[in-house]
Amino acid sequence: MNISHQLTVTVLGCGNSAGTPTICNYWGNCDPAEPRNRRTRPAIAVQSATTTLIVDSGPDLREQVNRENITSIDAILYTHAHGDHISGIDDLRVLRQKTKKYVHIHGNRATIEELQQRFDYLFMERTPIYPRVLEPHILETADFLTPQAIGDVTFTPFEQDHGTCASLGYRFGDLAYSTDLVRLDEKAVAALSGIKTWIIDGAGYKMPVNEVHLTFRQIFALNEIVKAEKVYITHLSPAMDYQTMRKELPEGYEPCWDGLKLQVSA
Ligand SMILES: [Zn+2]
C-alpha cells in the first residue's frame with residue numbers, strides 16, 4: 001500500500017454523449033443562463049503532485065485539458081469504447097511528438113481491441129513522419145478489483161454492466177468514478193465498500209427505465225448499499241437542468257458540473 005496522500009479529481013466533463021448545448025445550440029430543458037448547464041463529454045482527471053491520469057478521451061479532450069491547465073498526462077484509463085469516451089484519441093499524437101514517449105492507455109480487452117481496430121494508425125509506425133503513438137495495457141478480468149499503480153497514483157478497476165457492453169469503473173482511494181452503467185454486480189459493490197465520494201452516471205434521470213444508464217431512483221437504491229456520503233451525478237443530458245436537479249435531489253446528492261474539483265484521500 002502506498003503512503004497515504006491527497007489526490008485531486010477534476011470533472012473535465014459531465015455531459016452526455018451529445019454535450020450541452022448539443023450541436024446547433026439545442027439546450028433542451030437546460031437554462032442557457034446557468035453556467036453549470038454548459039457541459040462537455042464525460043471525463044475526469046486524477047492528479048497527485050507528480051502524476052496525472054485522465055479517464056476517457058472524448059471529443060472534448062483537448063479543450064478540457066487546456067481549460068484545466070493540465071500540462072502533462074501519464075496515462076489514459078478507458079471506461080469503454082463508445083464515441084463520447086474515445087474520439088478525442090487522435091489528439092494524443094501531440095503528446096507523443098512532445099515527449100518522444102508512447103502514450104500509455106489502459107482499458108479492458110474489448111475496449112483496447114476496438115481502439116486498435118478503429119484507430120489502427122495510432123498503434124503502428126506507417127512511416128517515420130507518422131510514428132506509433134500508443135502503448136496499450138489490457139486490464140484483464142484477473143486485474144479487476146486489484147489495485148494498479150501508475151506513478152504514485154493507485155487505482156482499482158471494477159466491471160460495470162452498461163447494457164450493451166461492459167464498462168470499467170475506477171476507484172481512487174475513497175472516491176469512485178462510475179460512468180456509463182445500468183447495473184452493478186456484487187463484486188463491483190464490494191470494490192466500492194468504504195468510499196466517501198461517488199461520481200455516478202444518472203443519464204436515465206426520471207425515466208421509468210433506461211437500458212444503458214442509471215435512473216436517479218436506481219442510484220438511490222445502489223447507494224443504500226454502498227453508502228457513499230457524497231454522490232455526484234454525471235453523464236447529464238440536455239433534459240437535466242442543473243438548478244432543477246439541485247431542488248429535486250436529497251441531501252448528499254448533487255449534479256456534477258464541468259470543472260468541479262474534489263480532494264481525495266488515497
Ligand atoms: Zn457509453
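Two exercises with worked solutions follow, and they concern a predicted model.

**Exercise 1.** Work out which residues coordinate the zinc ion, and how the site of the zinc ion is classed by the angles among its 4 donor atoms.

*Solution.* Begin with the donors: the zinc ion is held by His80 through NE2, His82 through ND1, His162 through NE2 and Asp180 through OD, at 2.2 to 2.3 Å. Along the chain, these donors are arranged with the spacing H-x1-H-x79-H-x17-D. Next take the angles, which run from 88 to 178 degrees among the 4 donor atoms. Four donors count as tetrahedral only if all angles lie between 85 and 135 degrees, and the site of the zinc ion is irregular. Finally, consider accessibility: histidine 80 is buried, because its relative accessible area is 1%, whereas histidine 82, with a relative accessible area of 29%, is partly exposed.

**Exercise 2.** Describe the surroundings of strand E10 (residues 175-178), beginning with its two faces and then turning to the strands that pair with it.

*Solution.* In a regular strand, side chains alternate between the two faces of the sheet. In E10, Leu175 and Tyr177 lie on one side, Ala176 and Ser178 lie on the other, and all of them are buried. On pairing, strand E9 (residues 166-172) joins E10 in the antiparallel sense over 3 bridges, with tyrosine 170 opposite tyrosine 177. These two strands form a hairpin with 2 residues between them, and glycine 173 in the turn has a positive phi of about 55 degrees. Strand E11 (residues 197-201), by contrast, pairs with E10 in the parallel sense over 4 bridges, and there leucine 175 stands opposite threonine 197. The last step adds helix H5 (residues 186-191), which together with E10 and E11 makes a right-handed β-α-β unit.

How values were computed: Residues are numbered from 1 along each chain as its sequence is written. This is a predicted model: local features need pLDDT of at least 70, side-chain atom pairs count only at pLDDT 80 or more; totals for chains, interfaces and linings use all residues. Side-chain values use heavy atoms; hydrogens and water are left out. Donors are N, O and S atoms within 2.8 Å of the metal (3.2 Å for Na, K and Ca); water is not among the atoms, so sites may look incomplete. Four donors count as tetrahedral if all angles lie between 85 and 135 degrees; four count as square planar and six as octahedral if opposite donors are over 155 degrees apart and all others between 65 and 115; anything else is irregular. Buried means under 20% relative accessible area, exposed over 50%, partly exposed in between (1.4 Å probe, protein chains only). Two strands pair if DSSP finds at least two bridges between them. A crossover is right-handed if, with the strands pointing away from the viewer, the path from the first strand over the helix to the second runs clockwise.
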